[in-house]
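Take a moment with the sequence and the model. Then follow the path below, one stop at a time.

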Amino acid sequence: MQILWFKCNEIIPGVLIALIAIILALSGFLISRELQPLNDTDYLCNMASNSDTKLEEFKQEDHTAFVLGYTGEVGKELLKELKRTRPFKKIVLIGRRIIDLDPDFGPEFEQKRVDFDNITDYKEVFDGIDTGFCCLGTTRGKSGSEGFVKVDHDYILNSAEVAKEKGCKHFTLVSSQGADKNANLLYTRIKGQVEEELKVMHFDRLSVFRPGVLMCDREESRPGEAFFRTVLKPFSYFFPTAITTPTDVVAKAMVRAAVSKSENTTELFENKAIHALAGNVKCKVKKKSTNSDADADL
């Protein structure tokens with residue numbers, strides 16, 4: 001059969017073979033990622049264990065927190081998890097606009113509008129807050145290259161500097177899988193640079209989360225991401241920890257890490273470690289993990 005100048009009996013079998021080859025190659029890659037063992041398993045499993053007990057102990061210490069980027073997909077899930085667990089006596093939501101919050105969030109959730117271009121004019125917003133969560137981020141497609149660098153680099157680092165100055169001890173950052181300060185790709189290079197620059201700020205504790213492709217239903221239109229998530233959705237069912245991360249899993253892991261004590265000054269949670277910390281990966285817990293103050297690469 002021939003349609004126009006295409007010989008379907010020749011083209012279709014070739015296309016099918018190519019598709020099968022791609023699916024098999026992708027499946028092989030995902031299987032290898034899924035079976036990849038966790039690093040520092042003892043440390044991670046001890047952090048994830050007895051989460052309810054650790055939460056109650058943390059509450060007794062009267063900590064306060066701020067959240068940057070609380071209107072984004074990870075930020076919204078983080079708010080839900082903070083509302084569910086109530087680990088902080090006060091939570092300041094810092095953003096460029098005020099949004100409508102459900103009344104059941106309670107009085108401990110307080111919104112503050114700031115201008116991130118002049119964040120040093122809003123130092124009082126960070127005053128005395130010991131824990132910070134940063135979910136700020138945009139894309140090159142949405143904001144252009146300059147806008148992306150401004151939000152994902154400048155806004156984050158400038159806010160972190162002010163927070164450190166005003167008393168923040170534990171800073172938590174949502175970065176990205178593949179973050180590398182020497183990468184050729186702008187997105188992963190900026191993410192890597194931010195991680196490195198945060199390290200030299202010397203917070204008492206820095207927790208960096210590197211999730212894979214975020215699985216969620218975005219309110220804003222991002223056709224490219226939506227297509228990619230649709231393609232990956234069936235694979236994420238069979239290989240959940242390989243390269244995808246639901247936003248609620250990231251949020252749960254962030255809160256669990258925040259309420260857990262750690263001897264490490266810097267913690268790096270890769271995608272599979274995020275799933276484990278959220279309770280999605282089973283692991284055996286030993287009595288106590290002995291870790292130095294060196295970086296924990298999970």
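In which strand does Thr 172 lie? Thr 172 belongs to strand E7, which covers residues 170-174. Keep in mind that this is a predicted model. Is Thr 172 buried or exposed? Its relative accessible area is 1%. Buried means under 20%, so Thr 172 is buried. Now look at what surrounds this residue. Leaving out residues up to four places away in sequence, Thr 172 touches Gly 132, Phe 133 and Cys 134. It also touches Ser 207, Phe 209 and Met 254.

Step back to the whole chain. The protein chain has 298 residues, and 48% of them are buried. Its secondary structure consists of nine helices and twelve strands. Take the contacts in the chain with a separation of 6 or more: 75% of them link residues 24 or more positions apart. The accessible surface is about 15800 Å². Carbon and sulfur atoms account for 53% of that surface.

Two of the residues that touch Thr 172, Phe 133 and Met 254, lead us inward. Both are among the residues with the most contacts inside the largest nonpolar core. Val 67, Leu 78, Leu 82, Phe 269 and Leu 277 are also on that list. The core has 39 residues. Which elements give two or more residues to this core? They are H2, helix H3 (51-59), strand E3 (64-68), helix H4 (73-85), strand E4 (90-95), helix H8 (247-259) and helix H9 (271-277). H8 gives the most, with nine residues. Another core lies apart from this one. It has 32 residues, including Val 194, Leu 198, Phe 203 and Val 208.

One contributor to the largest core deserves a closer look: helix H2. H2 runs over residues 41-48 and is mostly covered. Six of its eight residues are buried. Which ones? They are Tyr 43, Leu 44, Cys 45, Asn 46, Met 47 and Ala 48. After H2 comes Asn 50, with a positive phi near 50°.

Next, find helix H5, residues 140-165. Val 162 lies in this helix. Val 162 is buried, because its relative accessible area is 2%. Which residues is Val 162 in contact with, beyond its neighbours within four places in sequence? The answer is Ile 119, Thr 120, Lys 123 and Phe 126. Take Phe 126. Val 162 and Phe 126 are 36 residues apart in sequence. In space, their C-alpha atoms are 7.3 Å apart.

Now turn to the surface. Helix H1 spans residues 8-34 and contains Leu 19. Leu 19 has 46% relative accessibility, so it counts as partly exposed. Leu 19 also helps to make a nonpolar surface patch with Leu 16 and Ile 22. The area of this patch is about 290 Å².

The last stop is the cysteines. How many disulfides does a search of the whole structure find? It finds zero. Cys 135 shows this in detail, as it is in no disulfide. Its nearest cysteine sulfur is that of Cys 134, 6.7 Å away. A disulfide needs two sulfur atoms within 2.5 Å. Cys 135 counts as buried, because its relative accessibility is 13%. Cys 168 is buried too, with a relative accessible area of 2%.

Definitions and conventions: Residues numbered from 1 in each chain as written. Predicted model: local features only at pLDDT ≥ 70, side-chain atom pairs only at ≥ 80, totals over all residues. Heavy atoms only, no water. Helix = DSSP H or I, 4+ residues; strand = E, 2+ residues; numbered from the N terminus. Buried < 20%, exposed > 50% of the residue type's maximum accessible area, 1.4 Å probe, protein only. Contact = heavy atoms within 4.5 Å. Areas by Shrake-Rupley, 256 points an atom, 1.4 Å probe, with all protein chains shown as cover. Patch = residues over 30% accessible without salt bridge, like charges linked within 9 Å, V, L, I, M, F, W, Y side chains within 5 Å. Salt bridge = Lys/Arg side-chain N within 4 Å of Asp/Glu carboxyl O. Core = buried A, V, L, I, M, F, W, Y, C linked by side-chain atoms within 4.5 Å.
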